[in-house]
Amino acid sequence: MKPSTQLIHSIPIDELTGAISVPIYQTSTFVQESPGINKGFEFSRANNPTRKVLEDLICSLEEGYAGFAFASGMSAIDAVLKLLKTGDEIMAVEDTYGGIFSIFNSMFERFGIKVNFVDMSDTDKVLEKITPKTKIIWLESPTNPTLKISDIKSISKIAKQHNILLVVDNTFSTPLLQKPIPLGADVVIHSASKYLSGHTDVIAGLVVVNSKTLADQLKFNQNISGSILSPFEAWLTIRGIETLCLRLEKQCSNAMAIAAWLADHPAVDKVFYPGLATHKNHHIARKQQKSYGGMVSFSLKEDQIKNAIRIVNTTKLFKLAESFGGVKSMLAHPVTMTHRNIPEDFRRKAGLQDSCIRLSVGIEDAEDLINDLKQALDKLNQPIGKQITVLQ
């Protein structure tokens, strides 16, 4: 069965009523026949029928053992990190999302959990940096925002040899473009606010694990901390996933066209897109991904913050916003937005330039999106009408 067909028919018809749309079970509790005798549901913090459909759906799509839905991507990350104890260490990809950098350094280091950041696009460096205390390898592939590619299968072999959990953030790719668990990952994380829900109207996080042991631990963490996804947000996410195939197909083709156009623009220094043959580890992306995604980043030859801000302030179709994965195209300046809490020396070492601009390519016409970027880039050669204030 083809992925698009499998996805649609993985969403069940309601057995009670025959409703073809998953019902929203907006209830806090459930009547029991007798103490401990129920229909599988007791209290919505522990389990809810609408949320369970979403959890089973993401588990099926990722080919895992069990899925869990959380109130946000960050709460999903928090639940996974609580698998650790004081004295444990994390090896994390150095080019990581700013929120993850903050939770590692501002919260979990206070609990005695050390984080070592590594460029995992070089598999040899992963092996070099493992210590006896390393308990989790935290991987994004592609990374946010420079879209570095790591060899998930090779890193998973290293992790297994050292009894280390491999956690992969699969938000950029979704399970339609990349399946980390069959490649050897133990845990997969999604910010479902992005491509899965797809319409920038949901805050949600999802986790999929590959074993009963991890499932039992994550279920406990989810229930005891109570950071669960509401029935309505679960329903919106299910509805969004129904059109994921169609949206991704358009977003991927648009992104490829835009990346190729940017690569030839005289004002552009670097283009970060795994679909370009010039992208580092393009051969790995071609092997482990079905397509290259809807995210594109680029930097300018005049690598200054003010130039990037001038561009993001003058696009018309690309909306300036801190998110990605929706049907409407967006762009962001990571240095002053999503990654502003990362120290300058660290981000420069990770390859994040002052002028880097991240594009979330939507489902509009590719020609219109290219024309929008063209008019914004053309303005770099025009006098500035008013002074731009750069917030540091």
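The following turns ask how certain descriptions of this predicted model are reached.

Me: What makes the protein chain as compact as a globular protein of its length?
Reply: The protein chain, which has 14 helices and 12 strands, has a radius of gyration of 21 Å, and the globule rule gives 21 Å for 392 residues, so the protein chain is as compact as a globular protein of that length. Its C-alpha trace spans about 75 × 50 × 40 Å along the principal axes.

Me: Why is Thr174 called buried?
Reply: Buried means under 20% relative accessible area, and Thr174 has a relative accessible area of 0%, so Thr174 is called buried. This residue is found in helix H7, residues 174–177, and its phi is near 65 degrees, a positive value in a residue other than glycine.

Me: Why is Thr200 called partly exposed?
Reply: Partly exposed is the class between under 20% and over 50%, and the relative accessibility of Thr200 is 48%, so Thr200 counts as partly exposed. Thr200 lies in the loop between strand E6 (187–191) and strand E7 (205–209), and although it is not a glycine it has a positive phi of about 45 degrees.

Me: What makes these phi values worth pointing out, and which peptide bonds are cis?
Reply: Most residues other than glycine have a negative phi, and most peptide bonds are trans. The peptide bond from Ser141 to Pro142 is cis, with omega near 0 degrees, and a cis peptide bond also joins Asn144 and Pro145, where omega is about 15 degrees. Pro142 is found in the loop between strand E4 (134–140) and helix H6 (152–161), and Pro145 lies in the loop between E4 and H6.

Conventions: Residues are numbered from 1 along each chain as its sequence is written. This is a predicted model: local features need pLDDT of at least 70, side-chain atom pairs count only at pLDDT 80 or more; totals for chains, interfaces and linings use all residues. Side-chain values use heavy atoms; hydrogens and water are left out. Helices (H or I, at least four residues) and strands (E, at least two) are DSSP runs, numbered from the N terminus. The radius of gyration is taken over C-alpha atoms; the globule rule is 2.2 Å times the number of residues to the power 0.38. Buried means under 20% relative accessible area, exposed over 50%, partly exposed in between (1.4 Å probe, protein chains only).
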